Amino acid sequence: MGDWIYLIIGIAVLGVAVLVGLVSSVRRGRGGATGTDVIAPPPTDADVEAPGGAAPTAVLEPEAPVLERPEGTASRLARLRQRLAGSQGGLGRGLLALLSRDRLDEDTWESIEDTLLTADIGVAPTQELVERLRTRLRVDGNEAGDPRTVLREELLALVDPTMDRRLQVTGADGRPGVVLVVGVNGAGKTTTVGKIARILVAEDRSVVLGAADTFRAAAVEQLATWGERVGVEVVRGPEGTDPASVAFEAVKEGVDSGVDTVIVDTAGRLQNKAGLMDELGKVKRVIEKQAPVTEVLLVLDATTGQNGMIQARVFSEVVNVTGIVLTKLDGSAKGGIVVAVQRELGVPVKLVGLGEGADDLAPFDAGAFVDALLG
Ligand code: GDP
């Protein structure tokens with residue numbers, strides 16, 4: 001029995017000794033980072049070049065990033081107008097060729113209808129347009145105008161030049177404008193947020209970005225890179241954080257630092273409508289504790305046709321969409337979707353994406369668009 005007691009006491013003493021040793025070594029380790037003996041000497045060349053050494057990176061001054069200068073407005077618009085004409089010109093040219101035939105017979109009108117439907121203008125607007133063109137270009141009427149002029153006027157009326165397409169990026173009462181960007185994954189949401197930031201930077205506005213698409217680490221990284229390239233702060237949280245909390249922090253940061261505009265990227269999981277509504281509703285509510293949302297942009301991929309329209313409907317039922325961004329218009333000749341989606345939502349297309357380049361985003365202008373269609 002006595003032997004047992006000595007053994008237990010022995011083990012206990014040993015345990016305490018090991019514990020004391022451990023604690024003191026942890027203290028020494030921490031001291032290495034923050035204690036008094038820590039003022040690290042400036043790195044020597046040997047330190048910097050030490051292969052795989054972790055220590056030198058801690059003391060190296062980060063290099064000031066070289067900021068990109070986003071393309072100026074005039075050159076960007078001229079370039080993108082040409083690109084738009086390149087991708088959409090076929091539609092107008094096809095229509096004009098048909099309308100310029102000597103006899104506008106039933107077969108020709110059918111071909112005109114098919115051309116419009118193929119360009120995703122939608123059934124009702126196609127019928128309206130054909131009806132208007134038939135009336136104005138009736139072969140027997142002496143008053144029949146020049147097909148090109150008539151077509152231009154009628155297309156313009158469909159696209160509706162009277163809609164207010166200005167982006168609401170300015171807040172009131174000294175608070176920033178807040179732009180909430182929504183849409184399904186892959187539509188080009190994150191890219192669009194980055195491109196809008198560049199346009200604002202090119203106009204000398206200050207911007208904060210919120211990476212509230214927290215379900216995809218890649219989206220957060222992607223946005224961080226967009227921000228870094230033009231010196232715009234990106235507020236982010238760890239993967240899986242509540243998107244609303246990131247949105248809140250981003251707008252708070254924008255308010256505290258007095259920037260002009262905060263743009264918030266959101267998650268685009270099209271789960272069920274109720275889930276989406278909960279998520280986006282919450283994001284909007286928490287943002288508005290800081291500042292009103294001035295613009296809700298729905299990003300739609302122009303190449304997705306009818307599918308895109310269904311998505312548009314769901315999102316517009318969930319949030320109060322105030323503007324549409326049509327992306328990938330460079331990759332599809334289906335510019336008619338502009339007409340269809342505006343009709344469907346009663347909301348203007350405000351921006352169009354015309355490429356993967358960083359400055360390939362243009363404000364939508366009805367006249368320029370119709371001119372591009374007509375080539
Ligand atoms: P998100 O999932 O909605 O955030 O989509 P992303 O911003 O990650 O974009 C998805 C893909 O679409 C990327 O490869 C983008 O480069 C591409 N993309 C976005 N906008 C455009 C555009 O206007 N034109 C083209 N051609 N590609 C685009």
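The axes of helices α5 and α6 come within 10 Å and cross at roughly 145°. The crossing of α5 with α6 is right-handed. On the α5 side, the contact is made by E106, W109, I112, E113, L116 and L117. These residues meet V123, T126, L129, V130, L133 and R134 in α6. By class, the residues of this contact divide into 8 nonpolar, 1 polar and 3 charged. This is a predicted model, and the values below are computed from it.

**Overall make-up**

The protein chain has 14 helices and 8 strands. It contains 375 residues, and 44% of them count as buried. Consider the contacts with a separation of 6 or more: residues 24 or more positions apart account for 76% of them.

**The link between α5 and α6**

D120 lies in the loop between α5 (106–118) and α6 (123–136). Its phi is near 70°, a positive value in a residue other than glycine. Most residues other than glycine have a negative phi. D120 is buried, because its relative accessibility of 18% falls under the 20% cut-off.

D160 also has a positive phi, about 70°, and is not a glycine. D160 sits in the loop between α7 (147–159) and β1 (177–182). Its relative accessibility is 23%, so D160 counts as partly exposed.

**A second helix pair**

Helix α10 (residues 243–256) and helix α11 (residues 273–287) have axes that come within 8 Å and cross at roughly 25°. That angle is under 35 degrees, so α10 is roughly parallel to α11. The crossing of α10 and α11 is right-handed. P243, A244, A247, F248 and V251 in α10 meet E279, K282, V283, V286 and I287 in α11. The residues of this contact divide into 8 nonpolar, no polar and 2 charged.

The two helix pairs are set out below.

| Helix pair | Axes come within | Crossing angle |
|---|---|---|
| α5 and α6 | 10 Å | roughly 145° |
| α10 and α11 | 8 Å | roughly 25° |

**The nonpolar core**

Which residues touch the most other members of the largest nonpolar core? They are L209, I263 and I287, in a core of 101 residues. Helix α4 (residues 73–99) supplies the largest share of this core, 7 residues. In soluble globular proteins, nonpolar side chains tend to be buried together.

The neighbours of L209 can be listed, not counting residues up to four places away in sequence. L209 touches V193, A197, L223, G227, V232, E233, V234, V235, A250 and I263. I263 is thus a contact of L209 as well as one of the three residues that touch the most other core members. I287, another of those three, is also among the α11 residues that α10 meets.

**V178 in strand β1**

V178 is found in strand β1. Its relative accessibility is 0%, so V178 counts as buried. Leaving aside neighbours within four places in sequence, V178 is in contact with V251, V262, I287, A291, P292, V293, T294 and E295. Two of these contacts tie back to the helix pair: V251 belongs to the α10 side and I287 to the α11 side. V178 and A250 are 72 residues apart in sequence, and their C-alpha atoms are 9.9 Å apart in space. A250 also appears among the contacts of L209.

**Two loop residues further along**

L329 is placed in the loop between β6 (323–327) and α13 (337–345). Is this leucine, L329, buried or exposed? L329 is buried, with a relative accessible area of 0%. Leaving aside neighbours within four places in sequence, its contacts are L84, S87, Q88, A302, G335, V352, G353, L354 and F369. L84, S87 and Q88 carry numbers that fall within helix α4 (residues 73–99). L329 and V352 are 23 residues apart in sequence and 6.9 Å apart in space, C-alpha to C-alpha.

D359 is found in the loop between β7 (349–353) and β8 (361–363). With 14% relative accessibility, D359 counts as buried. Not counting residues up to four places away in sequence, D359 touches P70, E71, R76, R79, L80 and R198. Three arginines, R76, R79 and R198, are among these contacts, together with the acidic residue E71.

Key:
Residues are numbered from 1 along each chain as its sequence is written. This is a predicted model: local features need pLDDT of at least 70, side-chain atom pairs count only at pLDDT 80 or more; totals for chains, interfaces and linings use all residues. Side-chain values use heavy atoms; hydrogens and water are left out. A nonpolar core is a set of buried Ala, Val, Leu, Ile, Met, Phe, Trp, Tyr and Cys residues joined through side-chain atoms within 4.5 Å. Buried means under 20% relative accessible area, exposed over 50%, partly exposed in between (1.4 Å probe, protein chains only). Helices (H or I, at least four residues) and strands (E, at least two) are DSSP runs, numbered from the N terminus. Contact means heavy atoms within 4.5 Å. Axes are lines fitted to C-alpha atoms, for helices over the stretch in contact, and angles run from 0 to 180 degrees between N-to-C directions. Angles under 35 degrees count as roughly parallel, over 145 as roughly antiparallel, 65 to 115 as roughly perpendicular and the rest as oblique. A crossing is left-handed if the near helix is turned anticlockwise from the far one by less than a right angle, and right-handed if clockwise. Ala, Val, Leu, Ile, Met, Phe, Trp, Tyr, Cys and Pro count as nonpolar, Asp, Glu, Lys and Arg as charged, and the others, Gly among them, as polar.
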